[in-house]
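Trainee: Please take me closely through one part of this structure, the interior of the first chain, and then show how the rest relates to that part. I should like the reasoning set out step by step.

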Amino acid sequence: MATSQPASLPPDGDATLTATTSPLPSLEHSLQEIDGLRRAARERGWRLLAALGIAWLMGILAVAVSGIASVGMMLVVGAFGSLSVYFIGIHGPAEAYKQAFKSQVIGRLVAARYEDASFSAGGGIGQAEFESSRLYQQGIDRYNTEDLIEARLGATGFRMAEIHAEYKTTTTDSKGRTTTHWHTIFKGRFLVARFSKRFQGTTLVLSEAWRLFGMSGLEKVSLEDPAFEKLFAVYATDQVEARYLLSPSLMERLVASRQKLDAKVQAAFMDDHVILAIPDAYNRFEPPSFWSSSPLLSEDDVQTYAADIALAAELIGELNLERRIWERG
Amino acid sequence: MGAILSLPILALVAVLGYVVLHNGLVRKVNRVDQASSSIDVMLKKRWDLIPNLVAAVEQYMDHERSLLETLTELRARALSPQATAEDRNQMDVATSAALRQFTVAVENYPQLKASDNFLQLQGSLNEVEEQLSAARRFYNAAVTEYHDGLRTWPSSIVAGQMGLQPRELFAVADAERQPVDVGALFDRAK
């Protein structure tokens, strides 16, 4: 996965424009082409499995006849070799299928849903930007990002990408063997959108209600809405600005969004932007397995991908980010 | 012997407790003052905006001349050196009501919507109004926290010794609870 960091959002547009609501594009031609790639990958997979099966049979026969090597060692070497051959052999066709799917299905669905839209399967939101949001404090040991959507909805320019950030711990047993464990810090979608108000400081809306040491350089802000206070903890550089950003209606909308998504949504307001972190267990925008024997995509599948793409529009709409008290120049 | 030793410890704990509670109350008072001054800053921004707003619209809004004059007069009275804090609060409430009427009245003048200057000022006004609302919410939060300090034991004892008094919460004025009388405005505009 690439970790490119786009420099800027698509420009804000005319605030009077409404969101693109064009119907789903016809994908029939693309689907046929992608199905060809899927079949090619599947065929390669079967061939590799067949070749490896024959190799295993011959290897077992050779061991049985000559008796020169230990069976255990042969099994370990054979398993390692087989897996390597399989993954090296399948990588090309599988990747061609995946990339074709992403550019021709996801890319076109994104273009149909948003204005000035682009989709980059290898693009993402960089680690520096993720860390600068301060939404997750744990140091990162492994960071992956992919499936970047850059677009505009009405007057609101935004970027959304999948991110998986992890840290590791190592344990050593009594025999001195070390084991590395990976732990997820954040896995899900990150949405960066231009906010409807201008502001200077930083305001964080965190899902963890209690922090032993607070947040460096930020003050705890207690707000009036009990439902909001139960779900979120707010830290900000400026008490008045935090309330300016978190109007009573926005607090209600954040509570509703969190309940609707059933996820510990967090938000950061900084540099005239709002950053939303939406945890998600699934890896979105991926094609069905090429081993699947069913036709590539049903209408329902397409609708599911379209709904994943529309998440940004839903959040921008639900949080009322399109409302402008200032027409930006 | 043990009792004699424990007396100074108890006294030290009591003194430390007093200092902690006293400083906590001082911080709460400071926060209320800070919140109060942030309201003043926002009000000043609003007062500064009114002359520009009136200048930008007066040539279009002939039928709203009395409303514009009211706004100008409210500003002059609020900024007068003789105005007391109470006067300023009254001017503030009246100005909020007049600005809400103004916002509705603007809808009758489509040519204003085409003016970049006016749209810029309207954006500024919206921003200031929202900042003012945020400053008032901060003030109410600070006062509520301060009142908790005044009324909960044992800080209430220290507060009593310091002579601290409750402050008034900012309540929405009755005038602001009333919906804007759009019909009357439209009649006047005819």
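Mentor: Of the 329 residues in chain A, 31% are buried; please keep in mind that the model is predicted. Chain A is built with eight helices and nine strands. Its contacts often link distant parts of the sequence: of those between residues at least 6 apart, 74% join residues at least 24 apart.

Let us look closely at strand 5 of chain A, which covers residues 203-206. A:Thr203 and A:Val205 point one way from this strand, while A:Leu204 and A:Leu206 point the other way. All four are buried, so both sides of the strand face the interior in the sense of the burial count, for which a residue needs 20 or more other C-beta atoms within 10 Å of its own.

Strand 5 of chain A has two antiparallel partners. With strand 7 (residues 233-236) of chain A, the pairing runs over four bridges, and A:Thr203 has A:Ala236 as its bridge partner there. With strand 8 (residues 266-270) of chain A, there are three bridges, and A:Leu204 has A:Ala268 as its bridge partner in that strand.

The contacts of A:Val234 lead back to strand 5. Apart from its neighbours within four places in sequence, A:Val234 is in contact with residues including A:Thr203, A:Leu204 and A:Val205. Its other contacts of this kind are A:Val221, A:Leu223, A:Ala242 and A:Leu246. A:Val234 is also one of the residues with the most contacts inside the largest nonpolar core, together with A:Phe190 and A:Leu191. That core has 96 residues, and helix 5 of chain B gives the most to it, with twelve.

Helix 5 of chain B therefore deserves a word of its own when we turn to the contact between the chains, where twelve residues of chain B meet ten residues of chain A under a limit of 7 Å between C-beta atoms. On the side of chain B that touches chain A, helix 5 (residues 116-151) gives the most, with eleven residues. By class, that side has five nonpolar, four polar and three charged residues.

Two loops of chain A call for attention to the backbone. Most residues other than glycine have a negative phi, and most peptide bonds are trans. A:Asp262, in the loop between helix 6 (248-261) and strand 8 of chain A, has a positive phi of about 50°. It counts as exposed because it has 8 C-beta neighbours inside 10 Å. A:Phe285, in the loop between strand 9 (273-279) and helix 7 (299-309) of chain A, has a positive phi of about 65°. A:Phe285 is buried, because 21 other C-beta atoms lie within 10 Å.

Chain B has its own backbone exception: the peptide bond from B:Trp153 to B:Pro154 is cis, with omega near 10°. B:Pro154 lies in the loop between helix 5 and helix 6 (155-162) of chain B.

Finally, consider helix 3 (residues 85-106) of chain B. At 1.5 Å a residue, its 22 residues should span 32 Å, and its end C-alpha atoms are 31 Å apart, which agrees. Its buried residues are B:Met91, B:Thr95, B:Phe102 and B:Ala105. Viewed down the axis of helix 3 of chain B, these buried residues fall within an arc of 75°, so they line one face of the helix. An α-helix has 3.6 residues a turn, so residues three or four places apart point the same way.

Key
Residues numbered from 1 in each chain as written. Chains lettered and ligands numbered in written order. Predicted model: local features only at pLDDT ≥ 70, side-chain atom pairs only at ≥ 80, totals over all residues. Contact = placed C-beta atoms within 7 Å. Nonpolar A, V, L, I, M, F, W, Y, C, P; charged D, E, K, R; others polar. Core = buried A, V, L, I, M, F, W, Y, C linked by C-beta atoms within 7 Å. Buried ≥ 20, exposed ≤ 12 C-beta atoms within 10 Å, placed from the backbone. Pairing = 2+ DSSP bridges. Expected span 1.5 Å × (residues − 1). Arc of directions from axis to C-beta.
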